[in-house]
Amino acid sequence: MTVKASRMVDRQGLIELEEGDDVRDSPRFNADIAPTKAHERTWSKWNVAALWVGMSICVPTYTLGGVLTAYFGLSVGEALFAILLANVVVLIPLTLNAFPGTKFGIPFPVVLRSSFGILGSNVPCLVRALVGCGWFGVQTMFGGLAIHLLLSTIFPPWQALGGLGEVVGFFVFGAMNLYVVIRGAESIKWLETLAAPLLLAVAVGLMFWAWPHMSMTELLAQPPSRPEGAPVYGYFFAGLTAMVGFWATLSLNIPDFSRFAKSQKDQIVGQVLGLPMTMFFFAALGVVMTAASESLVGQTVADPVSLIGMIDNPFWVALAMLFIIIATISTNTAANIVSPTNDFQNVAPKLVDQTRGVLITGAVGVLLMGYDLLQKAGVITAGVSLEQMYSNWLLGYSSLLGPIAGIMAVDYFLIKRQRLDVPSLYQDGRAYPAVNWPGFVAFGIPVALTVISLLTGTMYWFYDYGWFTGSALGAVIYYVASQVMSPVNVSATAAAIEPERMP
């Protein structure tokens with residue numbers, strides 16, 4: 001029996017894999033993490049921009065200005081500038097790591113097989129997946145609260161359920177999110193494209209509504225909370241690092257989306273158009289709304305869900321809750337479910353398909369929020385809320401992902417020189433080792449230094465500026481280690497494989 005071999009085809013700069021029996025029968029392959037075909041790459045720059053608008057407009061973005069002023073000692077003006085600059089900075093790893101996804105149509109876990117090995121890729125994949133599942137739980141908590149408040153507005157007896165109503169809202173909202181992702185990439189594209197203009201319009205409306213109830217001059221004149229006379233640099237760069245870390249997760253798994261882009265130009269322009277200004281505007285809206293809340297409801301409220309819930313107008317409360325539900329779904333589906341779904345498939349592609357990966361993501365997200373859900377349901381009692389604890393843990397955890405971003409960029413552009421042997425990425429014992437030790441050395445050293453700085457209090461700057469220090473050190477170590485330790489010259493192997501050129 002003749003085994004049909006796979007081949008790579010160049011269709012006007014987009015490399016397409018025509019799978020043969022050697023790839024299809026491999027335990028490292030399934031149809032959901034297979035490279036996209038050229039005709040499946042339909043996302044224009046506007047679709048990519050809409051993706052980022054949909055992900056950026058969410059409750060955590062709304063609170064970023066308050067986080068920087070309250071916990072990082074920045075003034076309002078410094079905080080907003082840090083948010084804008086951070087999202088310009090994070091465009092660098094986002095656009096660089098999107099390149100292999102667009103060119104070869106491969107998702108994040110398969111890209112990682114090049115730098116960490118066919119089996120070794122599961123380690124950074126599961127690290128990324130755990131962070132995504134945690135954020136899925138946190139965002140679903142906000143969405144569940146919005147559903148509870150919406151039902152309490154249109155059906156007042158529902159309000160009597162209290163915390164139990166929030167738990168019901170949590171599971172209803174989570175199910176809605178999972179359904180969208182199970183439907184596939186086109187469903188996400190449709191949701192984000194539809195939601196983006198609606199979310200922007202409502203956000204602009206909220207800005208006009210809140211603006212007359214506060215004084216921007218007084219707001220910008222408020223002194224920062226840091227010690228008087230303390231230099232701004234340390235506080236600013238610590239805050240900048242935290243804001244870059246906000247999208248540290250997406251700077252890794254952006255190939256999960258860029259593999260659907262029509263071209264490199266579309267993914268680059270779309271990200272530039274969609275990310276920095278949306279993040280800046282919605283964070284600024286959070287600052288303005290919080291400042292206006294004293295006039296609007298009689299007290300300062302930083303949480304938009306709680307603020308809107310206090311408005312004494314059922315129609316506007318219901319409308320605003322629908323806005324929050326749509327905003328949170330558009331963020332949660334793309335940012336927190338897609339990557340874990342692909343990451344779990346990477347562990348055992350023949351056993352875990354997309355649907356099972358989505359369900360695993362949902363289950364892990366619920367487990368991570370289990371204590372909080374039991375508290376809301378009244379099964380257990382506690383004196384403190386866990387929302388802030390979860391957010392702090394997740395933001396801190398995401399700062400450890402910097403080395404992976406640096407490793408991915410160096411591997412693709414400097415080591416492999418934008419050439420990948422795609423069939424070998426789906427097979428054992430071919431061009432790529434099972435475990436690529438240079439990747440683990442470059443990942444382990446920055447992570448170890450971060451942990452040491454946290455435990456001992458020495459070199460605390462390494463943690464404060466963790467994304468920058470981790471990504472830079474990981475990139476340098478990986479480049480050097482690849483020259484010294486790599487058992488196979490994958491660069492030469494990949495360079496020897498030229499895809500067939502097709503119209």
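Okay, so E19: it's buried in this predicted model, with a relative accessibility of 14%. The cut-off for calling something buried is under 20% relative accessible area, so E19 makes it.

What does E19 pair with? Its side chain meets that of K37 in a salt bridge, 3.5 Å from N to O. That pair links distant parts of the chain, the two residues being 18 apart. E19 is in the loop between β2 (14-18) and α1, and K37 is in the loop between α1 (21-24) and α2 (45-56).

Now look at α1 itself. R24 and D21 both sit in that helix, 3 residues apart, so about one turn. Their side chains form a salt bridge as well, at 3.3 Å from N to O. Is R24 buried, exposed or partly exposed? Its relative accessible area is 35%, and since partly exposed runs between 20% and 50%, R24 counts as partly exposed.

Next, jump along the chain to K416. This lysine forms a salt bridge with D411, and the closest N and O atoms are 2.4 Å apart. Where do those two sit, at the surface or inside? Both K416 and D411 are buried.

Then there's a group rather than a pair. R7, R11, E16 and E18 are linked in a network of salt bridges. If you want to find it on the screen, pick out those two arginines and two glutamates.

And how many salt bridges are there by this rule? The count comes to 9. I've walked you through some of them, including K37 with E19, R24 with D21 and K416 with D411.

Note on methods. Residues numbered from 1 in each chain as written. Predicted model: local features only at pLDDT ≥ 70, side-chain atom pairs only at ≥ 80, totals over all residues. Heavy atoms only, no water. Salt bridge = Lys/Arg side-chain N within 4 Å of Asp/Glu carboxyl O. Helix = DSSP H or I, 4+ residues; strand = E, 2+ residues; numbered from the N terminus. Buried < 20%, exposed > 50% of the residue type's maximum accessible area, 1.4 Å probe, protein only.
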